[in-house]
Amino acid sequence: MDRRIRWGRIVLAAVLLEVAITAVVLPFGMMYGNPLSADPGARGNTTPYFVSAAVGCAVLGFFFGRWVASKAGSRFALHGLLLGLTAMALYIGLGSLAP
């Protein structure tokens with residue numbers, strides 16, 4: 001069994017996961033009200049925006065995790081965990097940047 005950690009696939013999948021989540025969630029924010037809008041009247045009901053973010057993270061994370069773990073010879077759960085941690089670190093890093 002291959003016991004190497006495939007860091008290239010993990011980092012690539014983390015970046016693609018963040019791009020895919022943004023591509024899925026951003027249209028919902030535009031259609032159903034932007035929760036970060038400066039105008040409180042323009043916000044509308046933001047529940048669909050936040051629900052789509054949670055569902056998008058779970059579903060897309062599952063598919064990208066399966067993709068990363070598919071080429072791993074062993075330690076599938078470790079590869080999925082590392083993908084999640086790398087995507088989380090990327091998200092926190094991007095979120096902490098000044099606008």
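Here are a few notes on the largest pocket and on one helix pair in this predicted model.

1. Let's start with the pocket. The largest one holds about 460 Å³ of space. Its lining takes in 13 residues, and those closest to the centre are Glu18, Ile21, Thr22, Val25 and Tyr91.

2. As for where that lining comes from, three elements each give two or more residues to it: helix 1 (7-32), helix 3 (47-70) and helix 4 (76-95). Helix 1 supplies the largest share, with six residues.

3. If you're thinking about the chemistry of the lining, the split by class is ten nonpolar residues, two polar and one charged.

4. Now for the helix pair. Helix 3 and helix 4, both of which also contribute to the pocket lining, have axes that come within 9 Å and cross at roughly 130°. That angle is why helix 3 counts as oblique to helix 4, since the roughly antiparallel label is kept for angles over 145 degrees. The crossing is right-handed.

5. Which residues make the contact? On the helix 3 side they are Gly61, Phe64, Gly65, Val68 and Ala69, while helix 4 brings in Phe76, His79 and Leu83. By class, the contact between helix 3 and helix 4 has five nonpolar residues and three polar ones, with no charged residues. Glycine is counted as polar here, so Gly61 and Gly65 of helix 3 fall in the polar group.

Terms used
Residues numbered from 1 in each chain as written. Predicted model: local features only at pLDDT ≥ 70, side-chain atom pairs only at ≥ 80, totals over all residues. Heavy atoms only, no water. 1 Å grid on protein atoms, 1.4 Å probe; cavity = no way out; pocket = protein on both sides within 12 Å on 5 of 7 lines; lining within 4 Å. Points joined across faces, edges and corners; volume = space filled by probe spheres on them. Helix = DSSP H or I, 4+ residues; strand = E, 2+ residues; numbered from the N terminus. Axes fitted to C-alpha atoms, helices over the stretch in contact; angles between N-to-C directions. Parallel < 35°, antiparallel > 145°, perpendicular 65-115°, else oblique. Left-handed = near helix turned anticlockwise from the far one by under 90°. Contact = heavy atoms within 4.5 Å.
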